[in-house]
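This report describes one protein model, moving from the chain as a whole to a single residue.

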Amino acid sequence: QNNLGQLLAGLGRREEARAAYQAARDIFKKLVEQFPAVPAYQISLGGSYGNYGILIGSEGKPAESLEWFDLAIRALKPVHDQEPRDVTAKQLLRISHSNRALAFDRLQKFADAVKDWDRAIELSPPAEQLILRASRATSRLQAGLVAEAVAEVAELTKSPNWNAGQWYDFACVYAVAGGKIADKKQEYADRAMELLTLACAAGWKDAAHMKQDTDLDPLHERADFKKLLAELEGQSPKK
């Protein structure tokens, strides 16, 4: 039932997916009640809650999805606490915190999102932490933790392995920070332009978005920003 729900969700058959997830959840709940000493059933129940939360969130209902991610975390945390080496419990717990962070971001509850990103990063192996830290940097910025966001991005951008959208997001962090910290205005604006240039070199082509993005307002009067924008608009297909 759980696998069927995932398949149906992938096919866009949401109501059928919802029914399959509910059936799986009911079975797992009975197994947990009957066999409370079997961690595998608790893990499966937590995973089922998380899958349902993802389905609800994909329907544009982040507030409603929070309930299911909460249930997933409550089911998985005791198993992880008791046996930290259980890979599946740890992985599902990390995913649940990540998805709850995304839901909080969509609800503009950025301080709550930062807490979940923190926990997801703690639960992740080093190779998977960077992408979560990039998301945390944006949440930190939106939560008013400007210095922390800039410090995070400064560390992350030491790696060259980012895609165009990620370079663009890093540029936005510096641009916004430059508009908030007066004595760093020039330094941060310069760095934002460097990162925007990297984004374009990596394949960023959305000139219209860049032109309207309020995060980049502190850069709009710069000659190098106007030049970069003109180059992008020259590459864009005519409407």
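What percentage of the 239 residues of the protein chain count as buried? In this predicted model, 44% of the residues of the protein chain fall into the buried class.

The secondary structure of the protein chain consists of 12 helices and zero strands, so that, by the DSSP runs used for assignment, the order of elements from the N terminus reads α-α-α-α-α-α-α-α-α-α-α-α. When contacts between residues at least 6 apart in sequence are considered, 52% of them join residues at least 24 apart. The overall values for the protein chain are set out below.

| Property of the protein chain | Value |
|---|---|
| Box filled by the C-alpha atoms, along the principal axes | roughly 70 × 40 × 30 Å |
| Exposed area | about 12800 Å² |
| Part of the exposed area supplied by carbon and sulfur atoms | 53% |
| Distance between the centres of the positive and negative sets of side chains | 2 Å |

The charged side chains behind the last row comprise 32 positive and 33 negative ones.

Turning to a single position, N51 is found in helix α3, which spans residues 39-58. Is N51 buried or exposed? N51 is buried, because its relative accessible area of 15% lies under the 20% that marks the buried class. Once the neighbours within four places in sequence are left aside, the residues in contact with N51 are N2, Q6 and Y21.

Definitions and conventions: Residues numbered from 1 in each chain as written. Predicted model: local features only at pLDDT ≥ 70, side-chain atom pairs only at ≥ 80, totals over all residues. Heavy atoms only, no water. Helix = DSSP H or I, 4+ residues; strand = E, 2+ residues; numbered from the N terminus. Buried < 20%, exposed > 50% of the residue type's maximum accessible area, 1.4 Å probe, protein only. Contact = heavy atoms within 4.5 Å. Areas by Shrake-Rupley, 256 points an atom, 1.4 Å probe, with all protein chains shown as cover. Lys, Arg positive; Asp, Glu negative; His and termini not counted. Charge placed at Lys NZ, Arg CZ, Asp CG, Glu CD.
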